[in-house]
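User: Please take a close look at the strand pairing and helix packing in this model. Begin with the chain as a whole, and give the cut-offs behind the terms you use.

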Amino acid sequence: MSENKRLYVDGETFDGCQKYFNRELSWLSFNRRVVEEAKNRLNPLLERLRFVAISCSNLDEFYTVRVAGLRSMVSAGLTTKSADELTPKQQLNRILPAIVDLIAEQQETFQEITRELHDQNILILKFQDLFDDEKVWLGKFFRDEIFPVLTPLAVDPAHPFPFLLNGGACLALMLKGMKGNGEMEGLIPMPSQLGRFVELPGNSSRYICLEHVISEFVSEVFPDFEVVGQGLFRLLRDSELEVDDEAEDLMLSFETALRRRQRGGIIQVMIDHEMPVGLERFVISKLECDEADVHKVKFVGLHQVEEIIPQDGNDFLWHPLNARFPERIRDFGGDCFAAIRAKDIIVHHPYESFDVVVQFLRQAAIDPAVVAIKQTLYRTSENSPIVAALIEAAESGKSVTAIIELKARFDEAANMSLARDLERAGAQVVYGFLDLKTHAKVSLIVRRENKGLRNYAHFGTGNYHPITAKVYTDLSFFTSDPAMCRDAARIFNYITGYAKPVEMEKIFIAPLRLRSNLEKLIEQEIDFAKSGRAASIWAKMNALVDPDIINLLYKASDNGVKIELIIRGMCCLKPNVTGLSENIRVRSIVGRFLEHSRIICFGNGEPLPSDEAKIFISSADWMARNLDRRLEHFVPIENPTVRRQVLDEIMVANLKDEKNTWILNSDGIYNRLEVGTDAFSAHKYFMTYPSLSGMGSALEKVSPANLISLDNRKD
């Protein structure tokens, strides 16, 4: 390409065309792919229903954060443009119609699935559809279990319209007095303590929505009135947190901000399409929201339909995954430290159990030779066994340092609670940086051995969350490599004492040197290509948004570097554009498991896959927030067996996947691969075959060629 033309690559346009997809529209495209999984008849029926719920929960978060943020920018008069040269107002003008279409698609898909559920005798019923004995049972259930927690609210001059919490649903009523006492409007907020669906007695799967139960017995709530109109509505509020950067007590500042979040401005209202027009106008006027923010739908609160999906034992669910425990650790009698001393280990979740991470920390908690444990926590589960192990270690007198990230969105309150629990146990709790999120996933164990100290480290691509680890694909890397463990100690010292490391021996961290070292690695592949050597990059992550990294990938493509990207969600890079990105291919894998691991491979002068490749795992996506405003890690994989597992197994299988793969075109459209019933599925492959790193002594009995070659493997 000529030098003049290359200037376009470094600017905002390429031959007059935008070089980037809009990140918000790209995210909406991802959520459409989730809805497509709900339509996919190859998926079990109840799992399809789960995809509907996931899509709706995703959209709620997108609306309360991204849409709310853009609206705040518009209200403030800001015209700062996105990478694709759109002002906040222009972005909203494109996003909002796309959201309307997505909501309609979610509703239509749900209606289709409920018809199929009905054919399988899984029924969501109205009161008139119930058997007489069910109606009698429901009356007693209402009086015993529902009525005591209801709060009927009249709305009149003496009773102003109440404040409703973010995400709250409410039954609106038009009431007419039966004793000549006029008309009024009433409200019954749906109690968050109760489930959305009531399961009717018996062996069959028969359900009725809570609001329909309340509607049927509303005369017991408003005994002197009859209902002449009703309808359910649900609202969302702006959920961005504003924390005082100069706060003396970060915990108190977050508690105040969380209370403010519940009172954020209303940005969306979902209304039952059967609500009478007069009642709808009443609700809209009292909420003081714009009619453009109101969506009339057949089913309000689709995110809750997951409640009727049983945990297991149903023919309409995926067959349970029996996660394997790494044989290598069994070879050492379950001693994690002995196994890690012998060789680095990588564990591939959810196919290999997250229990190994829990066991690593539990063993540290009860081992008298362990003197210190350091741990980052971004998100974890309720009653987390990770936190329990840290508490046990602290109570036994070990030095325990826990880095709790209070800024983990929507987990702020849970993290504050576990921070207090850890402090009460005697752990040293640190909240990280005020202006950076601590997103790196690191554990460091210090153990006394042979009259000295030996360190053991864990680096993860995902959170220390035993629940999500059952459905998120992530990697857990264990090592006792002295240099990596020293780097882990430097990371903790940086967080706890602002001790910025002068140097890191092997690991790169953001926001210090991760971006610059990543750019150097890409530039190195460009140099290989210019010198006539093989040049290639394989990368797997959740999102690719950063314009500077995208421009560098365009430059690499222009110079002949072959680039394969597996981007689950947002991708602002335009692939397959002649003269810009013709050597870049982008795919998205959406299926049974949520792809979450970040893996980056550089050919290092040889075609991938090769023994010369440089391989890294990371906690960071390629977004400005990850590279510049978060603490993240970028960890090299050096052990030969672990390298083979990450490159020859995981990356090759993902690139070979057909069943779950969508291909991104240069126009921004994703097309699902058209394949037959015997299409290769990376998910099924990993469920079937044990990993190299976890096989232990069994690895010696199997031909390596048979382990790493996927050419002849079918589902």
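Analyst: Of the 715 residues in the chain, 56% are buried (buried means under 20% relative accessible area, exposed over 50%, and partly exposed in between, with a 1.4 Å probe and protein chains only). The model is predicted, so local features need pLDDT of at least 70 and side-chain atom pairs count only at pLDDT 80 or more, while totals for chains, interfaces and linings use all residues. Numbering starts from 1 along each chain as its sequence is written, and side-chain values use heavy atoms, with hydrogens and water left out.

The chain holds 20 helices and 29 strands (DSSP runs numbered from the N terminus, helices being H or I of at least four residues and strands E of at least two). Among its contacts with a separation of 6 or more, 73% come from residues 24 or more positions apart (a contact is a pair of heavy atoms within 4.5 Å).

The part to examine is an open sheet of 6 strands, ordered β4-β6-β5-β9-β10-β11, whose pairing is mixed (two strands pair if DSSP finds at least two bridges between them). At its edges are β4 (153–155) and β11 (294–297), each of which pairs on one side only. On average, neighbouring strands in this sheet are turned by 30° against each other, with direction ignored. Within the sheet, β5 (residues 169–177) and β6 (residues 183–189) run antiparallel and share 7 bridges. One of the partnerships here is that of M174 with E185 in β6.

Two helices are placed against these strands. Helix α3 (residues 45–75) lies across β9 (225–237), β10 (266–272) and β11, and runs at about 135° to β10 (axes are lines fitted to C-alpha atoms, for helices over the stretch in contact, and angles run from 0 to 180 degrees between N-to-C directions). Helix α8 (residues 277–287) also packs on the sheet, touching β4, β5, β6, β9, β10 and β11, and its direction makes about 40° with that of β9.

Helix α3 has a helical neighbour as well. Its axis and that of α4 (residues 88–119) come within 10 Å and cross at roughly 160°. The two helices, α3 and α4, are therefore roughly antiparallel to each other (over 145 degrees; under 35 counts as roughly parallel, 65 to 115 as roughly perpendicular and the rest as oblique). The crossing of α3 and α4 is left-handed (the near helix is turned anticlockwise from the far one by less than a right angle; clockwise would be right-handed). By class, the contact of α3 with α4 contains 22 nonpolar, 4 polar and 5 charged residues (Ala, Val, Leu, Ile, Met, Phe, Trp, Tyr, Cys and Pro count as nonpolar, Asp, Glu, Lys and Arg as charged, and the others, Gly among them, as polar).

Another open sheet has 3 strands in the order β3-β8-β7, again with mixed pairing. Its edges are β3 (122–125) and β7 (197–199), each with a single partner strand, so one side of each has no neighbour in the sheet. Neighbouring strands of this 3-stranded sheet are turned by 30° against each other on average, direction ignored. The β3 pairing with β8 (residues 205–209) is parallel and spans 4 bridges, and I124 has Y207 as its bridge partner in β8.

Further along the chain, α11 (residues 355–366) and α12 (residues 385–395) pack at an angle of about 10°, their axes 8 Å apart. Helices α11 and α12 are therefore roughly parallel to each other. From α11 the contact takes V357, V358, L361, R362, A365 and I366, and from α12 it takes P385, I386, A389, E392 and A393. This contact of α11 with α12 divides into 9 nonpolar, no polar and 2 charged residues.

A372 belongs to β13 (residues 370–377). A372 is buried, at a relative accessible area of 11%. From A372 to T401 the C-alpha distance is 8.0 Å, across 29 residues of sequence. Leaving aside residues up to four places away in sequence, A372 touches S399, L444, I445 and V446.

I445 also figures in the pairing of β17 (residues 441–449) with β18 (residues 452–460): the two strands are antiparallel over 9 bridges, and the bridge partner of I445 in β18 is Y456. Between β17 and β18 are 2 residues, making a hairpin, and N450 in the turn has a positive phi of about 50°. Strand β18 is in turn joined by 4 bridges to β19 (residues 472–479), antiparallel to it, and A457 has T479 of β19 as its bridge partner.
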